[in-house]
Amino acid sequence: MSETTTREETKREKPAKRGLHGWKAALAVFGCGTLAAFGVFGVIVGLLSTLVSTVSEGISSGEGVSVPPTVGSVEPREEFLSDKFDLCAIIGSISSAGLTLDSGYPEPVDAGWDGGRASEDDLVRSGECSGSVNLGSAEYDPLDFEFSYRSIVFHPGEGKDEISQDDLLDWREEFEERGAEVVVSGERDFLDEAYYFYGDTEGGSFYHLIARKRSSVVSMSFSSTQSVSEGAYEGASNSFENRLEEDLNGYIPE
């Protein structure tokens, strides 16, 4: 076999090289690198977009941020819903008092200290109602009952409690001026301070109580065409004290 023949056979036995070479290889490398760069850039842009969107949503929604509401012009009854209370409805729910309120009593009235429109720092709430109180004894018929109150919820100045002390004395004086036939009267341990009047005549009997709790004054009147003992009247009024104590402490701000 000649040397020339041997070389030709050797060339045929060597496998051909696979893959890209030359300018094709360079182009492929460049293309892959470019695509990879664009891919990384796209990921970065996507992350930045997500971050910006999250921050924007957090600011716009106010999540975790307390934004005070815009206060518009509203009626006082709507404006003070958080402080809204109706003492007539409250005492009417005391089951142990044996009280049945007459239906259709007026809603509480809100006004300013001088009688004008109520405002955020000037609110006096008042109300009245009537009904009957069952003493739970066959000895007595149900008592006639009248109730009224005046609560200084907000005052533009200071000393709400002291002002209500003056109200208490004024209400006591007003009752004394009625000329009722009072048998016994005086101070009484009820709420923060109180005065009572008891009368017992041939025409019947009555018990009138005026009391103050913080900046609220309440008036309770019991009467009957029968001769009801002072102790029975006092027991009837005691049924209201705990609830009035609790609610007036809770509803009237400091």
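How many bridges join strand β5 to strand β6, and do these strands run parallel or antiparallel? In this predicted model, five bridges connect β5 (residues 184–188) with β6 (residues 193–201), and the two strands run antiparallel. Within this pairing, Ser185 stands opposite Phe197 of β6. The hairpin that β5 and β6 make has four residues between the strands, and here Leu191 adopts a positive phi near 55°.

Aromatic contacts offer a second view of the fold. Searching the whole structure yields 12 aromatic pairs. One of these brings together Phe222 and Phe240, whose ring centres are 6.4 Å apart and whose planes make an angle of 50°. The pair is classed as tilted, since that label covers angles that are neither under 30 degrees nor over 60. Phe222 belongs to strand β8 (residues 216–224) and Phe240 to helix α6 (residues 230–251), so that the contact links distant parts of the chain, 18 residues apart. Phe222 and Phe240 are both buried. They also belong to one aromatic cluster, which is formed by Phe145, Phe147, Tyr149, Tyr196, Tyr198, Tyr207, Phe222, Tyr233 and Phe240.

Two arginines, finally, are worth a look for their placement over aromatic rings. Arg125 lies over the face of Phe85, 5.1 Å from the ring centre. In the case of Arg172, the charged end sits over the ring of Tyr195, at 4.4 Å from its centre.

Notes: Residues are numbered from 1 along each chain as its sequence is written. This is a predicted model: local features need pLDDT of at least 70, side-chain atom pairs count only at pLDDT 80 or more; totals for chains, interfaces and linings use all residues. Side-chain values use heavy atoms; hydrogens and water are left out. Rings of Phe, Tyr and Trp (its six-membered ring) pair if their centres lie within 6.5 Å; planes under 30 degrees apart count as stacked, over 60 as edge-to-face and the rest as tilted. Buried means under 20% relative accessible area, exposed over 50%, partly exposed in between (1.4 Å probe, protein chains only). A charge sits over a ring if NZ of Lys or CZ of Arg is within 6 Å of the ring centre and within 35 degrees of the ring normal. Two strands pair if DSSP finds at least two bridges between them.
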